[in-house]
Amino acid sequence: MYREVMKIELLAMLFMAALAVSACSDDDKNEGITVPDTVAKALKDKYPAAANIEWEQKGKYYVAECRMDGKGMDVWFGTDAV
């Protein structure tokens, strides 16, 4: 009886772990968006050391997720690159 209870508890924990991992998927990225050259240049001009740049579009803004000096940062630009 004790073994069956332990098996059920183990399966329940594995199920909850699988749900937690799947809930953390990174599906909010805008893949394939076209960032205007002026916006991409503005990022490089203001933050030349930015690396691992991933772009998202949120409403009218372009958001660059990047790393600089070992820290993650989000840089927001309007369509006018400001």
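**Close-up views of a predicted model**

Aspartate 69 is exposed, with a relative accessible area of 70%. The views below all come from a predicted model.

**View 1. Aspartate 69 sits in the loop between strand 2 and strand 3.** Look at the backbone here: the phi angle of aspartate 69 is near 55°, a positive value in a residue other than glycine. Why is aspartate 69 called exposed? Its relative accessible area is 70%, and exposed means over 50%, so aspartate 69 earns the word.

**View 2. Asparagine 52 also has a positive phi, near 50°.** This residue, again not a glycine, is part of strand 1, which covers residues 51-58. With a relative accessible area of 58%, asparagine 52 is exposed.

**View 3. Strand 1 and strand 2 form an antiparallel pair.** How many bridges join strand 1 and strand 2? There are 6 bridges. To find one of them, start at glutamate 54 and go across to glutamate 65 in strand 2, its bridge partner. The hairpin of these strands has 2 residues between them.

**View 4. Glycine 59 lies in the loop between strand 1 and strand 2.** In this hairpin, glycine 59 takes a positive phi near 65°. Is glycine 59 buried or exposed? Its relative accessibility is 64%, so glycine 59 counts as exposed. Now find glycine 78: the two glycines are 19 residues apart in sequence, and their C-alpha atoms are 9.6 Å apart in space.

**View 5. The largest nonpolar core has 12 residues.** Val35, Val39, Trp55, Tyr62 and Phe77 are among them. Which elements give two or more residues to this core? They are helix 2 (37-46), strand 2 (61-68) and strand 3 (71-77).

**View 6. Alanine 50 is a member of the largest nonpolar core.** Leaving aside residues up to four places away in sequence, alanine 50 touches Lys44, Cys66, Arg67 and Met68. Of these contacts, Cys66 is a core member too.

**View 7. A nonpolar surface patch covers about 760 Å².** Its residues are Leu10, Leu11, Met13, Leu14, Phe15, Met16 and Leu19. Leucine 19 belongs to helix 1, residues 2-23. Why is leucine 19 called partly exposed? Buried means under 20% and exposed means over 50%, so a relative accessible area of 45% places leucine 19 in between.

Definitions and conventions:
Residues are numbered from 1 along each chain as its sequence is written. This is a predicted model: local features need pLDDT of at least 70, side-chain atom pairs count only at pLDDT 80 or more; totals for chains, interfaces and linings use all residues. Side-chain values use heavy atoms; hydrogens and water are left out. A nonpolar core is a set of buried Ala, Val, Leu, Ile, Met, Phe, Trp, Tyr and Cys residues joined through side-chain atoms within 4.5 Å. Buried means under 20% relative accessible area, exposed over 50%, partly exposed in between (1.4 Å probe, protein chains only). Helices (H or I, at least four residues) and strands (E, at least two) are DSSP runs, numbered from the N terminus. Contact means heavy atoms within 4.5 Å. Patches are made of residues with over 30% relative accessible area and no salt bridge: like charges are joined within 9 Å, nonpolar side chains (Val, Leu, Ile, Met, Phe, Trp, Tyr) within 5 Å. Accessible areas come from the Shrake-Rupley method with a 1.4 Å probe; for residues, only the protein chains shown count as cover. A salt bridge is a side-chain nitrogen of Lys or Arg within 4 Å of a carboxyl oxygen of Asp or Glu. Two strands pair if DSSP finds at least two bridges between them.
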